[in-house]
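Thanks for passing this one along. Here are my notes, in the order I would go through them with the model open.

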Amino acid sequence: MTFGNSTTDASPYADEGPYGTPVTHHKKAGLTRRGKVAIAVAGVAIVGSGTIWFQVHSAAVAKDEKEAAALQIQMKKLELEEMRIRNEQVSTDKKAATASAEKMQAAVDKCVKDSSGQIGKGYRSPSRGDVVADCKQQYEATDGSGMEAAGDARDASNAGGDGINSPALLGLVAGGALAIAVFARKGKKADA
């Protein structure tokens with residue numbers, strides 16, 4: 001046991017050179033050159049793949065938005081076409097009704113003119129109002145405009161939109177197909 005400033009005995013197994021005890025070199029803490037290169041390559045790969053993924057994702061989102069906008073424009077075109085067809089039908093119906101009314105009025109006027117010789121010619125002779133009413137009744141029944149009026153009433157009840165008509169059904173089907181396509185695409189992206 002040694003106390004104080006005494007020197008320890010040199011071990012017979014100590015490796016001493018001609019200049020004394022060799023200095024031990026401590027290794028630096030950290031990575032080797034190969035480890036640093038590996039980390040740099042991994043970082044570049046992660047950043048590169050993230051950038052590529054973002055570009056692909058952005059392109060897919062932009063494509064989906066364009067498809068949705070194109071479908072919306074197509075639906076607007078269909079609505080405008082439907083409105084144009086309805087307006088043409090209404091215009092045609094009005095022209096036909098006007099022509100029919102003019103034809104009936106001409107026939108009623110001719111009937112009244114032909115029957116005017118009987119007006120006020122004695123006891124129980126018809127008055128002008130009776131002759132006009134009889135002529136109107138006679139030509140309204142043979143004209144078939146009662147059927148037109150029934151058809152117009154049916155068209156007016158359908159114009160309210162109480163039932164499902166083919167353009168509305170087409171719109172519902174197209175909207176449903178669009179929603180399914182968008183959700184399927186998003187589901188496919190989420191799975192990947």
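1. Let me start with the contacts. Of those in the protein chain between residues at least 6 apart in sequence, 64% link residues at least 24 apart. Please keep in mind that this is a predicted model.

2. On the fold itself, the protein chain has four helices and zero strands. Read from the N terminus, the order of elements is α-α-α-α. Buried residues account for 5% of the 192 residues in the protein chain.

3. A word on confidence. The protein chain has a mean pLDDT of 77, with 68% of its residues at 70 or more. Confidence is highest in helix 1 (residues 33-115), where the mean is 92, and lowest in helix 3 (residues 145-159), where the mean is 52. Where pLDDT is low, the predicted coordinates should not be read in detail. I would therefore keep that caution in view when looking at helix 3, given its mean of 52.

4. Next, the core. Six residues form the largest nonpolar core: Met104, Val108, Cys111, Val112, Val131 and Cys135. Helix 1 and helix 2 (128-143) are the elements that each give two or more residues to this core, and the largest share, four residues, is from helix 1. As general background, nonpolar side chains tend to be buried together in soluble globular proteins.

5. Within that core, Val131 deserves a look of its own. Which residues does Val131 contact, leaving aside its neighbours within four places in sequence? They are Val112, Ser115, Ile119 and Pro126. Val112 is itself listed in the largest nonpolar core, together with Val131.

6. Now to the second largest pocket, which has a volume of about 250 Å³. Its lining is made up of Leu71, Gln74, Met75, Leu78, Glu79, Glu82, Pro167, Ala168, Leu170, Gly171 and Ala174. The elements that give two or more residues to this lining are helix 1 and helix 4 (166-191), and helix 1 gives the most, with six residues. Sorted by class, the lining of the second largest pocket holds seven nonpolar, two polar and two charged residues.

7. Two of the lining residues can be followed further, and Leu78 is one of them. Leu78 sits in helix 1. Is Leu78 buried or partly exposed? Leu78 is partly exposed, because its relative accessible area is 45% and the partly exposed class runs between the 20% and 50% limits. Leu78 and Pro167 are 89 residues apart along the chain, and their C-alpha atoms are separated by 8.4 Å. Pro167 is also on the list of residues lining the second largest pocket.

8. The other is Ala174, which belongs to helix 4 and also lines the second largest pocket. With a relative accessible area of 25%, Ala174 is partly exposed, so Ala174 does not meet the buried cut-off of under 20%. Between the C-alpha atoms of Ala174 and Gln72 there are 9.9 Å, for a sequence separation of 102 residues.

9. Last, please have a look at Glu67, another residue of helix 1. Glu67 is partly exposed, with a relative accessible area of 44%. How many residues separate Glu67 and Leu178 in sequence? The count is 111, while the C-alpha to C-alpha distance between Glu67 and Leu178 is 9.3 Å.

How values were computed:
Residues numbered from 1 in each chain as written. Predicted model: local features only at pLDDT ≥ 70, side-chain atom pairs only at ≥ 80, totals over all residues. Heavy atoms only, no water. pLDDT = per-residue confidence, 0-100. Core = buried A, V, L, I, M, F, W, Y, C linked by side-chain atoms within 4.5 Å. Buried < 20%, exposed > 50% of the residue type's maximum accessible area, 1.4 Å probe, protein only. Contact = heavy atoms within 4.5 Å. 1 Å grid on protein atoms, 1.4 Å probe; cavity = no way out; pocket = protein on both sides within 12 Å on 5 of 7 lines; lining within 4 Å. Points joined across faces, edges and corners; volume = space filled by probe spheres on them. Nonpolar A, V, L, I, M, F, W, Y, C, P; charged D, E, K, R; others polar.
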